[in-house]
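Visitor: Could you take me through one part of this model at close range? I would like to see how it sits in its chain.

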Amino acid sequence: MATETHAADAANGASAPGMPQLDFSNWGNQIFWLLVTLVVIYFVLSRIALPRIAAVLAERQGTITNDIAAAEDLKAKAVEAEEAYNKALADARAEAQRIIAEAKAEIQADLDAATAKADAEIAARTAEGEKKIAEIRAGAMQSVEEVARDTAAEIVAAMGGKADAKTVAAAVADRMKG
Amino acid sequence: MATETHGAEEGGLVFHPMDQFIVEPLFGEGAVGFFTVTNVTLWMAIAVLAVIVLMVLGTSRRAVIPSRTQSIAELAYGFVYKMVEDVAGKDAVAFFPYIMTLFMFIVFANFLGLIPMSFTTTSHFAVTVVLALMVFVTVTIVGFVKNGARFLELFWVKSAPLALRPILAIIELISYFVRPVSHSIRLAGNVMAGHAVIKVFAGFAAIAVISPVSVVAITAMYGLEVLVAFIQAYVFTILTCVYLKDALHPSH
């Protein structure tokens, strides 16, 4: 350390111990420049740098918050849209059901009407047929009666009796019933 | 750094590990006066420039999506801000610019000192003692201004038995006044020791046989010094926060 001390002494022109740190002759100089440095850094930081960084950080925080809010908004909108879609789907389904039911009812009504008409026609035809049959039967009965009456009158005449038309008719009618 | 003063001296193994710390005028010879522009001035000015480049020019775009430099500036801001808030409390945020100044200066002085042939301003007690005394004075004044006489409760340990309290008060008082000493010597001592050790290994490199070992040792020490440069700045800052917390909330 001895040589060094001399060297340091030679360099500084002062009698300093081994460590330049303990050479108090230059402390004033260092302290002066340190204070200048600290004051400059302090003003640069507190006036320019720190407010600026704080603003940037706040702005970023704001942007992030806004973006999250916007995302929430969009999500809500998506949910809304899905609900609307589901509702429209349900509506459409209900509408379709209604239309189907309506069509069914219409067709049923038409069908009923047609059936009723057909039934009525059938009934009318049946009635007509029955009427005709009844007419024919009545006609046939009348013919039979006539024939029977004539035949009876002839038989009575052939037997030699005198046929009383009224009696013959009554007798035939009586027989026809029985 | 030693060449200019020792160029013509004895050959062979010469160790001048402390010569790198010599304060000398930048222009011309002569004594170092109060306002002389010295290597201290030069490297402090470079530290100021570095701070301005990082914290002002680096953030000049005010980008929401930061550039690399702006990220580092924001990282430094967040690092110190969180430290102040967590360690010293919410009401200490008023002192944040002051603590940020200390941190930025020490961290840049330490890292600039790691550049070969540079001068390490934080290796000088003149610098660290002033830094520590500033913290000490600030903390003491803040303690009395904010709490008045209740600041003295810091030395009156309520959780201890009554009989022990006067003894503890003396110990607390001594430890309080030792704070600036340990605060300053820790920083300067760590920085100075590391740089001196690197210089010693560099001296051994003059012997051809040992030089590979020496180079490896210098590399390893340099790595360690990079760590120390940051850690000491961190320790200085966090201790400042701790002292500030004591001043703001003196009751234990």
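Visitor: Among contacts in chain B between residues at least 6 apart in sequence, what percentage join residues at least 24 apart? And please look closely at helix H4 of chain B.

Guide: Happily! This is a predicted model, in which local features need pLDDT of at least 70 and side-chain atom pairs count only at pLDDT 80 or more, while totals for chains, interfaces and linings use all residues. Residues are numbered from 1 along each chain as its sequence is written, chains are lettered from A and ligands numbered from 1 in the order in which they are written, and side-chain values use heavy atoms, with hydrogens and water left out.

To your question: 66% of those contacts in chain B join residues at least 24 apart, a contact being heavy atoms within 4.5 Å. Chain B has 7 helices and 0 strands, where helices (H or I, at least four residues) and strands (E, at least two) are DSSP runs numbered from the N terminus.

Now to H4(B), which covers residues 96–113. Its 18 residues should span 26 Å at 1.5 Å a residue, and its end C-alpha atoms lie 25 Å apart, which agrees; the expected span is 1.5 Å times one less than the number of residues. Because 17 of the 18 residues are buried, H4(B) is largely enclosed by the rest of the structure. Buried means under 20% relative accessible area, with a 1.4 Å probe and protein chains only. For the whole of chain B, 49% of the 252 residues count as buried, and its C-alpha atoms fill a box of roughly 65 × 55 × 40 Å along the principal axes.

Note on methods
Buried < 20%, exposed > 50% of the residue type's maximum accessible area, 1.4 Å probe, protein only.
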